[in-house]
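Welcome! Let's take a friendly tour of a protein and the ligand that it holds.

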Amino acid sequence: MPIDQSTMRSEPNTGPNARGRFGEFGGRYVPETLMHPVEELEQAYQLARTDPNFKAELDRLLKDFAGRPTPLFPAQRLTERLGGAQIYLKREDLLHTGAHKINNCLGQGLLAQRMGKTRLVAETGAGQHGVATASVAALLGLECVVYMGEEDMGRQAPNVFRMRLLGAQVVCVSSGTKTLKDAINEGMRDWVTNVHDTHYLMGSVLGPHPYPMMVRDFQRIIGQEARQQILASVGRLPDLLCACVGGGSNSIGLFYDFIPDTSVKMVGVEAGGRGPDLGEHAARFAGGKPGVLHGSYTYVLQTEDGLIASTHSVSAGLDYPAVGPEHAALFRRRRVEYTHVSDREALEAARLLSQVEGIIPALEPAHALAEVVKRAPGMPRDQMILVNLSGRGDKDLGIFQSAGIL
Ligand SMILES: *Cc1c(COP(=O)(O)O)cnc(C)c1O
């Protein structure tokens, strides 16, 4: 769907600057060996982003392969049930492979191909980013290696099988906590060693510059479409945007084009897990402080001594100790409010949406829905909340079952 220029306003101008900084956050904290690969990537991306051929090819694949544009759905029964603001769902759950991650994978996959790379390397936690990367690799005829923690491979066996069926090699990471953080370390190590033919396909707005900017640009389509859709159907902008924040890609994708619209409030929802103690949640803005993880200066959950803390969330996609640096800057500027909801509240919200709208959400966006459940009743009926439904719940059926929510 072409974006109608008449509904566009000023370009958001939140950076990053030439050194990859969003305010004081972001940057490029990498060893010497990674400096050349990230510089090469930045140059290639700067050329691609202004090349009409690149944009046309990406638009074509987003439409024909991924299924864009996604609908904006007025959730009328949920609205009635909560008795306040009108709720609209941006249906990223309807995309190929089940979540917004495919938007970014198509963008980076095409870029890798342009750079003459024949091999994609990616990290994955729950396996959603791995499946999206493996699908794009198959589509473009590229080799694919996905690093995954041993712990995660055990709990996400169906996605491991999907990746293998798609032709990817899944490498088991047994170091550290055997989860996503360690998988990223291994993936980066592979990239340094094989940079001549390999692209590292980062799954969220994390890592050294240019990744946070580039992944945001590939996810902006969510907010661009949503803005146009709500203006076309209602004739005005929403009052509140709501999205879950893991690394922060689906949320920044929704928020970005609304940043200049001062009437639009935004709330990012982190994983409150089992409670406020360190190790029991992934609420970086509530319990973290600035530090460096995976090449970027941002809010990080850490111990008194600066060791990276362990995290917990019922939702694997939100279970990571750092957050994208652009969110850290938006938090500091107070342009976006960040909050968190518990495992329990997210599970309950997922059950509610399933039963009143016939849509089973993934546990990640169920966190955003849980925040809407809290806020909508207190808002006037003529106000609008637009929620990003970032993915579908098929992958979480086992968790719903064992959580005993029925
Ligand atoms: C991975 C994932 C997330 C979390 O990642 P972000 O980069 O914060 O968007 C959220 N929702 C779904 C469905 C996911 O698969």
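What follows is a short report on the ligand and its surroundings.

This is a predicted model, in which local features need pLDDT of at least 70 and side-chain atom pairs count only at pLDDT 80 or more, while totals for chains, interfaces and linings use all residues. Residues are numbered from 1 along each chain as its sequence is written, and side-chain values use heavy atoms, with hydrogens and water left out.

Start with the ligand's neighbours. There are 16 residues around the ligand, each with a heavy atom within 4 Å of it. K101, S204, G246, S249 and S390 come nearest. By class, this shell has 3 nonpolar, 11 polar (Gly among them) and 2 charged residues.

Where does the ligand lie relative to domain 1 and domain 2? The ligand lies between them, because domain 1 (16-65 + 101-208) and domain 2 (68-98 + 216-403) both give residues to its shell. These bounds come from an automatic or database domain assignment.

The table lists polar contacts, which are pairs of N or O atoms within 3.5 Å.

| Residue | Polar atom in | Distance to a ligand oxygen atom |
|---|---|---|
| K101 | side chain | 2.6 Å |
| S204 | side chain | 2.6 Å |
| G246 | backbone | 2.7 Å |

On its own, the ligand has 380 Å² of accessible area (Shrake-Rupley method, 1.4 Å probe), and the protein covers 97% of that area.

Conventions. A polar contact is a pair of N or O atoms within 3.5 Å; within protein, one must be able to donate a hydrogen and the other to accept it, and residues adjacent in sequence count only if both atoms are side-chain atoms.
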